[in-house]
Amino acid sequence: MSKFFINGDRVDFQGAPDTPLLWVLRDSYDLTGTKFGCGMALCGACTVHVNGEATRSCVTPVSTLEGKRVTTIEGLPATAVVKAVNAAWVDKDVVQCGYCQPGQVMAATALLSKNPKPSDADIDAAMSGNICRCATYQRVKEAIKSASATLGPARPAAAPKKA
């Protein structure tokens, strides 16, 4: 049994411990916003947040989630970052077919939650694992920059703790 949280709700998953999180989300909890793409963590369509980190759910066994918090596209909280990303996605008309977009949005919100003022290199690095068959990469990048522009200033790096 694996005990963790999905979108804030406690889950006691009784299935096989090697069951990929993606199938638990889709088949056991009807959370179909997270998409199956490649099944090998190569395309990013299955991206969710695990304790705030962008994570490929297709290769994440539920046995690794004990006590952790999983957030899907359906459960993204209405934070300033999520609102900024959603508004930018609409403003920049990012979506074409839309299949990869939940994974793209999850990766973008994870990036901007940690780094509200990413450089082009930061965006490229964070989004490089999310593949789009419609090739909306430039619009995704523009949307992330647009969302970033609406967020507050970058947080200064934490000072090292004195021993």
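**Helix packing and sheet layout**

The axes of helix 2 and helix 3 cross at roughly 135° and come within 9 Å of each other. Keep in mind that this is a predicted model.

User: So how are helix 2 and helix 3 classed, by the angle between them?
Analyst: Their axes cross at roughly 135°. Angles over 145 would count as roughly antiparallel, and 65 to 115 as roughly perpendicular. Helix 2 and helix 3 fit neither, and are therefore oblique.

User: What is the handedness of that crossing, where helix 2 passes helix 3?
Analyst: The axes here come within 9 Å. As helix 2 passes helix 3, the crossing is right-handed.

User: How many charged residues are there in the contact of helix 2 with helix 3?
Analyst: Helix 2 brings Val81, Val82, Val85, Asn86 and Trp89, while helix 3 brings Gln101, Gln104, Val105, Ala108, Thr109, Leu112 and Ser113. Sorted by class, that contact has seven nonpolar and five polar residues. The charged count is no residues at all.

User: Moving on to helix 2 and helix 5, how far apart are their axes?
Analyst: Helix 2 covers residues 80–91 and helix 5 covers residues 137–150. They pack at about 135°, which makes them oblique to each other, and the crossing is right-handed. The distance between the axes is 8 Å.

User: Which residues of helix 5 meet helix 2, and what are the numbers by class?
Analyst: From helix 2 come Ala84, Val85, Ala88, Trp89 and Asp91. They meet Val140, Ala143, Ile144, Ser146, Ala147 and Thr150 in helix 5. By class, the contact of helix 2 with helix 5 comes to eight nonpolar, two polar and one charged.

User: And helix 3 with helix 4: which residues of helix 4 are met?
Analyst: The axes of helix 3 (residues 101–114) and helix 4 (residues 120–127) come within 10 Å and cross at roughly 135°. That crossing is right-handed. On the helix 3 side the residues are Gln104, Ala107, Ala108 and Leu111. The ones they meet in helix 4 are Asp122, Ile123, Ala126 and Met127.

User: How do the residues of that contact of helix 3 with helix 4 divide by class?
Analyst: Asp122 of helix 4 takes part, as does Gln104 of helix 3. Asp counts as charged, while Gln falls among the polar residues. The full split for helix 3 with helix 4 is six nonpolar, one polar and one charged.

User: Now the sheet. Which strands stand at the edges?
Analyst: The sheet is open, has five strands with mixed pairing, and follows the order 2-1-5-3-4. An edge strand here has a single partner, so one side of it is left without a neighbour in the sheet. Those edge strands are strand 2 and strand 4.

User: By how much are neighbouring strands of this sheet turned against each other on average?
Analyst: The order to picture is 2-1-5-3-4. With direction ignored, the average turn between neighbouring strands of this sheet is 40°.

User: Which residue takes a positive phi in the hairpin of strand 1 and strand 2?
Analyst: Strand 1 (residues 2–6) and strand 2 (residues 9–13) run antiparallel and are joined by five bridges. Ile6 stands opposite Asp9 in strand 2. Two residues lie between the strands, and the one with a positive phi near 50° is Asn7.

User: What about the hairpin of strand 3 and strand 4: which residue takes a positive phi there?
Analyst: These strands are antiparallel too, joined by four bridges. Val48 has Thr55 in strand 4 as its bridge partner. This hairpin has two residues between the strands, and phi is positive, near 50°, at Asn51.

User: In strand 5, what is the bridge partner of Val50?
Analyst: Strand 3 and strand 5 (residues 69–71) pair in the antiparallel sense over two bridges. Within strand 5, the partner of Val50 is Val70.

User: Helix 3 lies across which strands?
Analyst: Helix 3 runs at about 35° to strand 3. The strands helix 3 lies across are strand 3, strand 4 and strand 5.

User: Last one: is the aromatic pair of Trp23 and Phe36 stacked, edge-to-face or tilted?
Analyst: A search of the whole structure turns up one aromatic pair. Trp23 and Phe36 lie 5.4 Å apart centre to centre, with 35° between the planes. Under 30 degrees would be stacked and over 60 edge-to-face. So this pair is tilted.

Notes. Residues are numbered from 1 along each chain as its sequence is written. This is a predicted model: local features need pLDDT of at least 70, side-chain atom pairs count only at pLDDT 80 or more; totals for chains, interfaces and linings use all residues. Side-chain values use heavy atoms; hydrogens and water are left out. Axes are lines fitted to C-alpha atoms, for helices over the stretch in contact, and angles run from 0 to 180 degrees between N-to-C directions. Angles under 35 degrees count as roughly parallel, over 145 as roughly antiparallel, 65 to 115 as roughly perpendicular and the rest as oblique. A crossing is left-handed if the near helix is turned anticlockwise from the far one by less than a right angle, and right-handed if clockwise. Contact means heavy atoms within 4.5 Å. Two strands pair if DSSP finds at least two bridges between them. Rings of Phe, Tyr and Trp (its six-membered ring) pair if their centres lie within 6.5 Å; planes under 30 degrees apart count as stacked, over 60 as edge-to-face and the rest as tilted.
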